[in-house]
Amino acid sequence: MSLSDSDSTVSEMPDDVWSAILSVVQAGGGDLPAGMAEPWRTLFAPLCRPRFVVGQLGQSLDGRIATASGHSHYINGREAIVHLHRLRALADAVVVGVGTAVADDPQLTVRHVEGDHPARVVIDPKLRLLPDAKLLTRDGVRRCIVTMAGCETRFDADIDIVPIRPGTDGNLPPTAIIAALNDLGFRRILVEGGTSTLSAFLAAGCLDRLHLAVAPLIIGAGPFGLSLPPIDKLDAALRPPAQVYRLGADVLFDCDLSR
């Protein structure tokens, strides 16, 4: 598929296509209708399966997710933000690290498309999150805090506290986090950020897909979107098969990491 092809544009999805995708997911997952047009079928079929873990990242051409001062609203355009909300609507749970939760205070809700809000999960090993964080808002959606086993909790009883034993490196293993979320009934999981959280899930081989939205923007300095263990030769680099789509002025890479 070439980016010059009109059917590579996924910005303006017809309402009936989105309704069909939502219906499949809300019914428990499965195959999309055989007659669904491209590129919707190719892009969203993997996200209609009963179980998946997808990572999402928006960045500049030079791989930055914010300026040196931390300003990040917004690197990507409206179409990429709408796509992110579609991913949330297809997920049972959306996961962020405590650094993102503290710095950005995100709502993690579905506001730009039709669909249900996912459960909100924050990975907070040392319980740094404040009780008034927006993602802990009481709105009928499940809220979960993944923390280090043995930490004393100070949150409302209606918030799920998920204790995880640290690995040998002192961090919470992504594989254990996914298993614990599966035990809570979350089968379709969106890992939304930030850098250390998404990178940890990618390095651990826990992502089935990565949706990477690249904006035509050069920031020049600031944090990068991904940071993985160093490699000596390019033979060891990740080279996932990828489909490429337009999201307005942005370019979306749908990377297949399931292999």
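Contact here means heavy atoms within 4.5 Å. This is a predicted model, where local features need pLDDT of at least 70, side-chain atom pairs count only at pLDDT 80 or more, and totals for chains, interfaces and linings use all residues. Residues are numbered from 1 along each chain as its sequence is written, and side-chain values use heavy atoms, with hydrogens and water left out.

Q: Leaving aside neighbours within four places in sequence, which residues is Trp18 in contact with?
A: Neighbours within four places in sequence are not counted for Trp18. The residues in contact with Trp18 are then Met13, Phe44, Arg86, Ala89, Leu90, Val113 and Glu114.

Q: Which residues touch the most other members of the largest nonpolar core?
A: A nonpolar core is a set of buried Ala, Val, Leu, Ile, Met, Phe, Trp, Tyr and Cys residues joined through side-chain atoms within 4.5 Å. Buried means under 20% relative accessible area (1.4 Å probe, protein chains only). The largest core has 45 residues, and those touching the most other members are Trp18, Ile21, Phe44 and Leu129.

Q: Which are the edge strands of the open sheet?
A: Strands are DSSP runs (E, at least two residues), numbered from the N terminus, and two of them pair if DSSP finds at least two bridges between them. The order in the sheet is β5-β4-β3-β2-β6-β1-β7-β9-β8, with mixed pairing. The strands that pair on one side only are β5 (160–164) and β8 (242–247).

Q: Which residue of β3 stands opposite Val95?
A: Strand β2 (residues 93–97) runs parallel to β3 (residues 119–123), and five bridges join them. Opposite Val95 stands Val121.

How values were computed:
Helix = DSSP H or I, 4+ residues; strand = E, 2+ residues; numbered from the N terminus. Buried < 20%, exposed > 50% of the residue type's maximum accessible area, 1.4 Å probe, protein only.
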